[in-house]
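Thanks for making time this morning. I will put the sequence and the structure on the screen, and then go through a few points.

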Amino acid sequence: AALLRKRLPQLRQHLRTTADALSSDGQLTSVPFVSGKAAALLQLLETLFCGRQSDTSYRGIIFMTQIALTFPAAHLINHHFSAFSPPLVRAGAVSGVGSMN
């Protein structure tokens with residue numbers, strides 16, 4: 001306990017310094033909060049679907065490794081592409097695993 005009391009001020013200072021560094025990191029504080037992986041997906045979708053708005057048979061499917069990400073990913077895609085007129089991509093979400101058949 002004495003050792004912990006002795007090192008606690010150092011730990012507090014280290015946590016403050018780390019929190020300050022994280023709060024000044026532009027990637028963590030800029031809007032929108034989109035990861036690099038999500039940004040790369042959006043760019044890839046733009047590349048694949050650009051110029052194909054009139055081709056109603058052109059479709060895509062994205063497989064997610066985490067079921068919990070399907071609906072947020074669809075929302076992100078729809079929000080991103082809502083700036084295009086008409087929207088370049090419209091996403092829907094379906095989730096499940098092989099055992100759910």
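Of the contacts in the chain with a separation of 6 or more, 47% are between residues 24 or more positions apart. Please keep in mind that this is a predicted model.

Now the overall layout. There are 4 helices and 0 strands in the chain, and reading along the sequence gives the pattern α-α-α-α. The chain has 101 residues, and 11% of them are buried. About 8400 Å² of the chain is exposed, with carbon and sulfur atoms supplying 60% of that area.

Let me take one of the residues from the segment after α4, namely V89. Is V89 buried or exposed? Its relative accessible area is 10%, and the cut-off for buried is under 20%, so V89 is buried. Which residues does V89 touch, once those up to four places away in sequence are not counted? They are F49, I77, N78 and F81. For α4, the range is residues 70-81, so you can find three of these names there on the screen. As for L48, V89 is 41 residues apart from it in sequence and 10.0 Å apart from it in space, C-alpha to C-alpha.

F49 is the next stop. The range of α3 is 36-49, and V89 touches F49. F49 has a relative accessibility of 12%, which means that F49 counts as buried.

How many aromatic pairs are there? The count comes to 1 aromatic pair. The pair is F49 and Y58, whose ring centres are 5.0 Å apart; the planes are at 70 degrees, and over 60 counts as edge-to-face, so this pair is edge-to-face. The partner, Y58, has a relative accessibility of 27% and therefore counts as partly exposed.

The ring of Y58 has another neighbour to point out. The charged end of R52 sits over that ring, 4.0 Å from the ring centre.

Last, the surface. Which residues make the nonpolar surface patch of about 230 Å²? They are I62, M64 and L69. L69 is found in the loop between α3 and α4. With a relative accessibility of 38%, L69 counts as partly exposed.

To go back over two of these points: V89 is buried and has a relative accessible area of 10%, and R52 has its charged end over the ring of Y58. That is the end of my part.

Note on methods: Residues are numbered from 1 along each chain as its sequence is written. This is a predicted model: local features need pLDDT of at least 70, side-chain atom pairs count only at pLDDT 80 or more; totals for chains, interfaces and linings use all residues. Side-chain values use heavy atoms; hydrogens and water are left out. Rings of Phe, Tyr and Trp (its six-membered ring) pair if their centres lie within 6.5 Å; planes under 30 degrees apart count as stacked, over 60 as edge-to-face and the rest as tilted. Buried means under 20% relative accessible area, exposed over 50%, partly exposed in between (1.4 Å probe, protein chains only). A charge sits over a ring if NZ of Lys or CZ of Arg is within 6 Å of the ring centre and within 35 degrees of the ring normal. Helices (H or I, at least four residues) and strands (E, at least two) are DSSP runs, numbered from the N terminus. Contact means heavy atoms within 4.5 Å. Accessible areas come from the Shrake-Rupley method with a 1.4 Å probe; for residues, only the protein chains shown count as cover. Patches are made of residues with over 30% relative accessible area and no salt bridge: like charges are joined within 9 Å, nonpolar side chains (Val, Leu, Ile, Met, Phe, Trp, Tyr) within 5 Å. A salt bridge is a side-chain nitrogen of Lys or Arg within 4 Å of a carboxyl oxygen of Asp or Glu.
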